[in-house]
Amino acid sequence: MAYNYLRNFLDPIDFHIDIYSKMIHITNYEKILTLGSNKIIIKAKSRKITLEGRDFSLKKLADRELLILGSLNNLEIKYE
């Protein structure tokens, strides 16, 4: 994991998502379209990512980086 984090930090071009138990880490997104406790929609380069679950909350919100706590039930990626 440290290698991926360092790679994304040094080369922040590609969208990246890591899914853990009760936690989602997203880097290099463009915009948050929807932010709710059960649904989050993120815009990234040429795609829209929809996260559905329960008890979502933002633990970290930084420049092009999100850390979301909660239980993920569904992940959908639509390429535009």
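Helices (H or I, at least four residues) and strands (E, at least two) are DSSP runs, numbered from the N terminus. This is a predicted model, so local features need pLDDT of at least 70 and side-chain atom pairs count only at pLDDT 80 or more, while totals for chains, interfaces and linings use all residues. Residues are numbered from 1 along each chain as its sequence is written, and side-chain values use heavy atoms, with hydrogens and water left out.

**Exercise 1. The overall layout**

Work out how many helices and strands the protein has, and in which order they come.

*Solution.* Start with the count: there is one helix, and there are six strands. Next, walk along the sequence, and you get α-β-β-β-β-β-β. Now ask how much of the chain is hidden. Buried means under 20% relative accessible area, exposed means over 50%, and partly exposed is in between (1.4 Å probe, protein chains only). On that scale, 32% of the 80 residues are buried. Last, look at contacts, meaning heavy atoms within 4.5 Å. Of those between residues at least 6 apart in sequence, 39% join residues at least 24 apart.

**Exercise 2. Strand β4 and its neighbours**

Find which strands pair with β4, and in which sense.

*Solution.* Two strands pair if DSSP finds at least two bridges between them. Take β3 (residues 31–35) to begin with: four bridges join it to β4, and the two run antiparallel. Ile32 has Ile42 as its bridge partner in β4, and the hairpin from β3 to β4 goes through three residues. Then take β5 (residues 47–62), which pairs with β4 over six bridges, again in the antiparallel sense. Here Lys43 stands opposite Lys48, and the hairpin has two residues between the strands.

What about burial? Five of the six residues of β4 (residues 39–44) are buried, so the strand is largely enclosed by the rest of the structure.

**Exercise 3. Positive phi without glycine**

Look at Ser46 and Asp55: where do they lie, and how exposed is each one?

*Solution.* A bit of background: most residues other than glycine have a negative phi, and most peptide bonds are trans. Ser46 isn't a glycine, yet its phi is positive, about 55°. Ser46 lies in the loop between β4 and β5, and it counts as partly exposed because its relative accessibility is 35%. Asp55 isn't a glycine either, and its phi is about 60°. That residue is in strand β5, and at 55% relative accessibility Asp55 counts as exposed.

**Exercise 4. Salt bridges**

Take the Lys39–Glu52, Glu80–Lys43 and Lys60–Glu65 salt bridges, and give the N to O separation of each.

*Solution.* A salt bridge is a side-chain nitrogen of Lys or Arg within 4 Å of a carboxyl oxygen of Asp or Glu. The structure holds five of them.

1. Lys39 and Glu52 meet at 3.9 Å, N to O. The pair links distant parts of the chain, with Lys39 in β4 and Glu52 in β5, 13 residues apart. Both ends are partly exposed, since Lys39 has a relative accessible area of 37% and Glu52 has 30%.
2. Glu80 and Lys43 have their closest N and O atoms 3.0 Å apart. This pair also links distant parts of the chain: Glu80 is in the segment after β6 and Lys43 is in β4, 37 residues apart. Glu80 counts as exposed, at 56% relative accessibility.
3. Lys60 and Glu65 have their closest N and O atoms 3.4 Å apart. Lys60 is partly exposed at 34%, whereas Glu65 is buried at 11%.

**Exercise 5. The surroundings of Glu52**

Find which residues Glu52 touches, leaving out those up to four places away in sequence.

*Solution.* Locate Glu52 in strand β5. Its contacts are Asn38, Lys39, Ser71, Leu72, Asn73 and Asn74. As a further check, compare C-alpha positions: those of Glu52 and Gly70 are separated by 9.9 Å, with the residues 18 apart along the chain.

**Exercise 6. His16**

Is His16 buried or exposed, and what does its side chain contact?

*Solution.* His16 sits in strand β1 (residues 16–20). Its relative accessibility is 16%, so His16 counts as buried. For the second part, a polar contact is a pair of N or O atoms within 3.5 Å; within protein, one must be able to donate a hydrogen and the other to accept it, and residues adjacent in sequence count only if both atoms are side-chain atoms. The His16 side chain makes such a contact with the side chain of Asp18, at 3.0 Å.
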